[in-house]
Amino acid sequence: MDHQIYSALTLFISLLVEAMPFLLFGVLLSSSLIVFLDEGKLIELLPSNPILGAFIGSFFGFCFPVCECGNIPVARRFLLQGLPTSVAISFLLAAPTINPVVLWSTYVAFRGQPEIFWLRIIFSLTIAIVLGCLFSLQKDCRPLLKPSLAKRLTVLLEAKTQAKNKPINAMANNYSLLQSGSFILGQPGQVIKMDDDLLKAQEKKQKKEALGRKFNLFIENVTQELRDLGGVLILGSAIASCIQVFIPREIILNIGQDTVTSIIAMMVLASVVSICSTVDSFFVLSFSSTFTTASLVAFLVFGPMIDIKAMGLMLSIFKPRMIFYLMVIIAQFTFIFTLSYSYFF
């Protein structure tokens, strides 16, 4: 018993050590979106068509190369910025696989079996796009979100609406300078022009103040995200390590004696092991001599989208019912795609 506890603790620490850098990277990336990204312009550039939005969201992984630990805070930021649900969902599911780091590791691991590389891309993209389109039917994503996150989104949307509908004169009265410091108002009907040196000094001061506010916002968001997501990452890692130790892996592997059960066994193994998508190709490579190509692809497709660790992190965004829907639908698509490949090819 002591040996099992020691093994569970070792696995728990290894999962945290493996996942924490990617979670931190995702948090820093999502927080930087607040500072550097104009969400209004981004939303305007995105197509209103849910299918096109799902395609774009699926390929966002090339711009934001994060694994399943780092994509959660980025997807949450997308939702809070008001991006379409199809974009956020498709990014959430595709980014752990459709990014340069994971694609390169998959290619290197299965250089002798290129079909696994291509099948992972095709199946992952298809599932992400289909689910993005499916959940785009939910125009208002707040019923899918945790109550606390839904409230934050409501406040942000109301603030944006008020700012958009605010009269120009009302907005002008909130500032001592108008038109970015180009002039100030004196007596009614009189405009007093500012000296060029004074103008430059005033603009420089405003830029410093804006930069300071953005930096403070960046730090506050990093702290908030790490507090929210760090706790669920620890819980998810603890559950995954306990399952790996106290439920022998042989029980899962012994199930995979034929085409159907081997696919199911590798999907279950992927969710239990909860290994990062950047190294999962080398992990599953050790099973290539005993398991079929279809079952290996099932591991590589299902694991990055749904594993215990990722589901724990998803609880910081979605209600449990939403996560259950995602798990069931993704499992069905993964099983159908890989089983079809094993029978027709």
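Helices are taken here as DSSP runs of at least four residues, numbered from the N terminus, and it is on this basis that helix α4 of the predicted model is delimited. Just after α4, Gly 82 adopts a positive phi of about 90°. Helix α4 itself spans residues 71–80, and because 10 of its 10 residues are buried, the helix is largely enclosed by the rest of the structure. The buried residues of α4 include the nonpolar Ile 72, Val 74, Phe 78, Leu 79 and Leu 80, together with Asn 71, Arg 76 and Arg 77.

The interior was next examined through its nonpolar side chains. In soluble globular proteins, nonpolar side chains tend to be buried together. In the present model the largest nonpolar core has 81 residues, and those with the most contacts inside it are Leu 131, Leu 145, Phe 299, Phe 318 and Ile 330. The element that gives the most to this core is helix α7 (residues 114–135), with 10 residues. When neighbours within four places in sequence are left aside, Ile 330 is in contact with Leu 93, Ile 127, Leu 131, Phe 302, Met 305 and Ile 306; Leu 131, one of these partners, is itself listed among the core residues with the most contacts.

Polar residues also occur in buried positions. A single salt bridge was counted in the model, and in this pair the side chains of Arg 120 and Asp 280 meet at 2.7 Å, N to O. Arg 120 belongs to helix α7 and Asp 280 to helix α13 (residues 280–285), so the pair ties together parts that are 160 residues apart in sequence. Side chains of opposite charge can pair when their charged atoms come close. With a relative accessibility of 1%, Arg 120 counts as buried, and Asp 280, at 2%, likewise counts as buried. Arg 120 is also one of the residues touched by Thr 97, which lies in the loop between α5 (85–94) and α6 (100–109). Thr 97 counts as buried because its relative accessibility is 0%, the cut-off for burial being under 20%. Beyond Arg 120, and not counting residues up to four places away in sequence, Thr 97 touches Val 102, Leu 103, Ser 124, Leu 300 and Pro 304.

Aromatic pairing was then considered, and the count comes to seven aromatic pairs. One of them is formed by Phe 117 and Trp 118, which are arranged edge-to-face, with 5.1 Å from centre to centre and 80° between the planes. In the pair of Phe 333 and Phe 337, by contrast, the ring centres are 5.7 Å apart and the planes stand at 40°, so the pair is tilted. Phe 333 and Phe 337 both lie in helix α16 (residues 320–344), where they are four residues apart, about one turn of the helix. Phe 117 is buried, with a relative accessible area of 13%, whereas Phe 333, at 25%, counts as partly exposed. Ring pairs further link Phe 117 and Trp 118 with Trp 104 and Tyr 107 into a cluster.

Nonpolar side chains are also found at the surface, where Ile 51, Phe 55, Phe 59 and Phe 62 make a nonpolar patch of about 370 Å². Within this patch, Ile 51 lies in helix α3 (residues 50–59) and is partly exposed, its relative accessible area being 44%.

Definitions and conventions
Residues numbered from 1 in each chain as written. Predicted model: local features only at pLDDT ≥ 70, side-chain atom pairs only at ≥ 80, totals over all residues. Heavy atoms only, no water. Patch = residues over 30% accessible without salt bridge, like charges linked within 9 Å, V, L, I, M, F, W, Y side chains within 5 Å. Areas by Shrake-Rupley, 256 points an atom, 1.4 Å probe, with all protein chains shown as cover. Salt bridge = Lys/Arg side-chain N within 4 Å of Asp/Glu carboxyl O. Helix = DSSP H or I, 4+ residues; strand = E, 2+ residues; numbered from the N terminus. Buried < 20%, exposed > 50% of the residue type's maximum accessible area, 1.4 Å probe, protein only. Phe/Tyr/Trp six-rings, centres within 6.5 Å; stacked < 30°, edge-to-face > 60°. Core = buried A, V, L, I, M, F, W, Y, C linked by side-chain atoms within 4.5 Å. Contact = heavy atoms within 4.5 Å.
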